[in-house]
Every structure is written in structure tokens, then in C-alpha cells.
Amino acid sequence: MQNPGSTTPDRVGRFPAQARFADGAQYIAGRLRKGTSGRTHAVTDPATGEEVLTYELAGPDDVDAAVAAARAAFPAWAGATPGERSDALHRFAAVLADRAEDFARAESLQCGKPLKLTREFDVPGTIDNTAFFAGAARHLQGQSAGEYSGDHTSYVRREPLGVVGSIAPWNYPLQMAAWKILPAIAAGNTIVLKPAELTPLTSLLLAQAATEAGIPDGVINIVTGTGREAGEHLVGHPDVVMTSFTGSTAVGRRVAEIATATVKRLHLELGGKAPFVVFDDADLDAAVQGAVAGSLINTGQDCTAATRAYVQRPLYEAFVERTAALMETVRLGDPFAPGTDLGPLISHVHRDRVAAFVDRARAYARVVTGGEAPQGDLKNGAYYLPTLVTGAAQDSEIVQSEIFGPVLVVLPFDSDDEGIALANDTPYGLAASAWSRDVYRANRATREIKAGCVWVNDHIPIISEMPHGGYKASGFGKDMSAYSFEEYTQIKHVMFDNTAVVRKEWHRTVFGDR
């Protein structure tokens, strides 16, 4: 029996979005303005279906205005010293800390995340990431000088690129916006960010906080529109020199197609289908806890979520039984209720998509627990019960395709070779985890599993100092860390002739006497 929570009767005071964004949901050159597409969009609370904000969508003219503002702001921001940019980002982090509760409430309201998750994970993680890049801003450096050719001295400069156009998804709108904005501006670039039209609130708050912190107008701009209209226009804009996109692999291919037409630098963080490999010497209780937490984080709407558990056969039956039992204790409910563990999916449309995956799987697999929407107090929200599936074949849709919901598929394996081979047997390679008490076994798994991150005896934690990004169809490029920072720079080789006279010997070698 699932253990649903209950809705909170008093929903007043969550986040006054209509009042906050009465001037519009586009943030260009330091002020809010209305979109010019001629169409509106409603942000809804996925826990209730209630409207939170209706705003005018951005059109191509808004994108053009935002890019122009970013282009105008670029020379002064790029010309600021690293210390000046660092100081501005430290002030930015302080403003975010002061506004933490606003950010947590807005994120919970637009996404359906439990408030305890946004308070303890999303917002503190964003503040920490801001502080990290405040420090990184002082380390925009090339390589030391050296003489590599005769009397010539060479060195390498790292320089900002220009205007960056970024597109962020709806599953972690605050953190994904920060992951794109922070390394870009720390390196001296300016940015135009398009958040998902479902979840623009915290991106807009982030830009306003930056202005309050003293980051100049035009350095950070937000255009809130559809991917087909605003997003594609941003990616194809001739004054945008780099595109950073987080989203599905299918849309990532379309972004790449548009970006390559203008020879843009491209950063893609795409889908995932993370394997969770449990060897027969693993701590079973820890693995069960990890599987439930790792598969249900953010209601499974996480590209690194544990979606495929491969369990060595001696532990398989016990793992299935205990994982199903633990899933049934998870409390679904109002995201603002203190006892809620799991909120709704982002929308009823997405909930129906997740349900369709599970319903199709019933023809070839067993749904052990879950597999339906809860009723009662939660029936109006986009809720879906934590779901455990067994008996699916490795090549089946539910094993191979990204579901993006609270669904975990469990499959057995026999040898270590088989377990690692199954883990690698999808097009994706974003994240994975291996569970074992044997350091040699675990080390082999980290070496041979093809993913951008492999956890050992854990699944899901991230830190600002380390990179996040994938292999294979999960894209390329890194978020967070110094590796991300470097991607928002370009390298220039500078070479000096150290002699006091103009050399003619090299010219004669090439052209002869003239």
C-alpha cells in the first residue's frame, strides 16, 4: 500500500508570481518587459493544476533585443579585471543567500518539488556554485611563457568568447540556469538564457538578483519563449558565438544542426539512462536505500537518476522485494507539506507520457509496485506512484528509452563481465553507479563503465568542484568545475620576436630574395 501525503489547505503566500512579474517575463538590459510574440503562456502548479502566472511569450524580436543588449555589455564586462568580476559574483552569492527562501518557494511552486528538497539541495547548491565561480574568475589564465622557436617567446592567452546563448530545461530550472550563467560570465562573456516556458520564475529571479548585486545591465538576459520560436532563433543568431543546451538527445540533435550552420561552439548536456550495478558482495541495505533515493530524486525527472538496476543473481530476489517495500513507504503529497517525500511530475502531459511507458511494458514485463496515478486528495495533481518493474528484456523500450519519471527497472546478471556489458548497452552515457565492498571490483567498474560520472556505493550527489557531463548520446562538454569554466574561453597563441631588428631570414626561406 502506498503512503500518500495530503494537500495543505492554506496555499496562500507561497510565491506571489503575478505581482512579481506584472511587467513581463523577459529580462533584457536590466529590466522586465513583456514578450512580443503575440501569444501567452500559463505557468501552473503541477501539484494542483492551478495557474501561477500568465505571461507574454518571447518572439524573435525579443531574442534580437536580448542579444543586442548582451553584445553591447560585452566589451566592458570582458575588459573588467578578474578581481572585479570575482567581487561581483561574491556579491551575487550573498544576494542569493539573502533571497534563499524566495528561490526555494518559487522553484517548488513551478516544478512541484518538495520544499525540503529545494531548501536543502537546489538553492544551497546554486549558492555554492556561485561562490565557486566567484573564485574561479580569478584564475582565467593561459600558460607560462617559453622559447620554443629560436629567439621567439610564446605564451597562451585565455579570452572570453562574446555572447553566449543558452537553453535550460524544466527539471532543475534554477540550478541549470546557474550552471550556464556562472561559468560564462565568470570568464567575461555575456549571456542570453532561454529557460523552459514551463518554469521561468527562478531564472528571472536569478537575473534580478544579479542586477541587485551590481552585475551590469545586459550581462545576463532572460528570454522566455518556446523552443521552436525563441530557442531556435537564439541558437541560429549570428551574434551568438556559443550555444549551451541541456535537454533531450532528440532536441540536442536539432540544436546541433542549427548551431553548426553558423559554426558556433557547442555544449550539449543531453539525456541519460543511468545504470545502477549491484555486485553480489554489496551492502544490500545500502544498495536498496540508494536505489530508491537515486531513482526517485526529483520524481525521477533527473537525467542522472538511477533507471536501470542490474543486480547480481544471488542478491536479485531480495533486492527486488526490499526495494518495492521501501518504495511503498514513500510519501506523496503537497510539495509545501513538511512530510512530503515525492511531489508531482512537471505536468499532466508528462505524467501521461510516463504512464504510457509503464502501460506498454505490461505486455512483456511485471509491474511489482506502483504503475498508476494516486487518487483521493492528489488526483488533481500530476502525481505518479513510485514504480518498480521486473522481467523486461535488455532490448525492450522500458530499458533502453529515457522515461524521466519515478520508474526503476531491475534486471539480474550473472558474471561481472555481463553486468558491466549490460550497463554499457544503451546509447546513453551520462552517469552510473557501482555497488561493491571489493575495491578492485569497484575500480574495474569505474574504469569500464562508459559514463561521465561513476559513483561507488552512492548515486546522485554532485559538487561544484567536479565536472558534470556525458559520453555517447548524452552529449559533450562539462557543467560545473574548472573544466566548465575553460569551455567558455578561447585560446590565443601570442608569439614575440625577441631580437631588436626585423628578421628577414625566415621571409627569404619562404619567398626568396625580393
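Reader: What makes strand 12 and strand 18 a pair?

Author: Strands 12 and 18 are joined by 3 bridges in the parallel sense. Two strands pair if DSSP finds at least two bridges between them, so the 3 bridges here satisfy the definition. Val278 stands opposite Trp435 of strand 18. Strands and helices are DSSP runs numbered from the N terminus, with at least two residues (E) for a strand and at least four (H or I) for a helix. This is a predicted model, in which local features need pLDDT of at least 70 and side-chain atom pairs count only at pLDDT 80 or more, while totals for chains, interfaces and linings use all residues. Residues are numbered from 1 along each chain as its sequence is written, and side-chain values use heavy atoms, with hydrogens and water left out.

Reader: What does strand 18 pair with in the parallel sense through 4 bridges?

Author: The partner is strand 19 (residues 453–456), where Trp455 stands opposite Ser433.

Reader: How do you know that both faces of strand 18 are covered?

Author: Ala431, Ser433 and Trp435 lie on one side and Ala432 and Ala434 on the other, and all are buried. Buried means under 20% relative accessible area, exposed over 50%, and partly exposed in between (1.4 Å probe, protein chains only). In a regular strand the side chains alternate between the two faces of the sheet.

Reader: Why is Lys180 said to have no salt bridge?

Author: The nearest side chain of opposite charge, Asp479, is 4.5 Å away. Lys and Arg count as positive and Asp and Glu as negative, His and the chain ends being left uncounted. A salt bridge requires a side-chain nitrogen of Lys or Arg within 4 Å of a carboxyl oxygen of Asp or Glu, so Asp479 at 4.5 Å does not qualify. Lys180, in helix 6 (residues 173–186), is nevertheless buried.

Reader: What makes the approach of Lys180 to Ser244 a polar contact?

Author: The two side chains meet at 2.9 Å. A polar contact is a pair of N or O atoms within 3.5 Å; within protein, one must be able to donate a hydrogen and the other to accept it, and residues adjacent in sequence count only if both atoms are side-chain atoms. The 2.9 Å value therefore falls within the cut-off.

Reader: Why are the buried residues of helix 14 placed on the same side?

Author: The buried residues of helix 14 (residues 416–423) are Asp416, Gly419, Ile420, Leu422 and Ala423. They cover an arc of only 160 degrees around the axis, which puts them on the same side of helix 14; the arc is that of the directions from the helix axis to the C-beta atoms.
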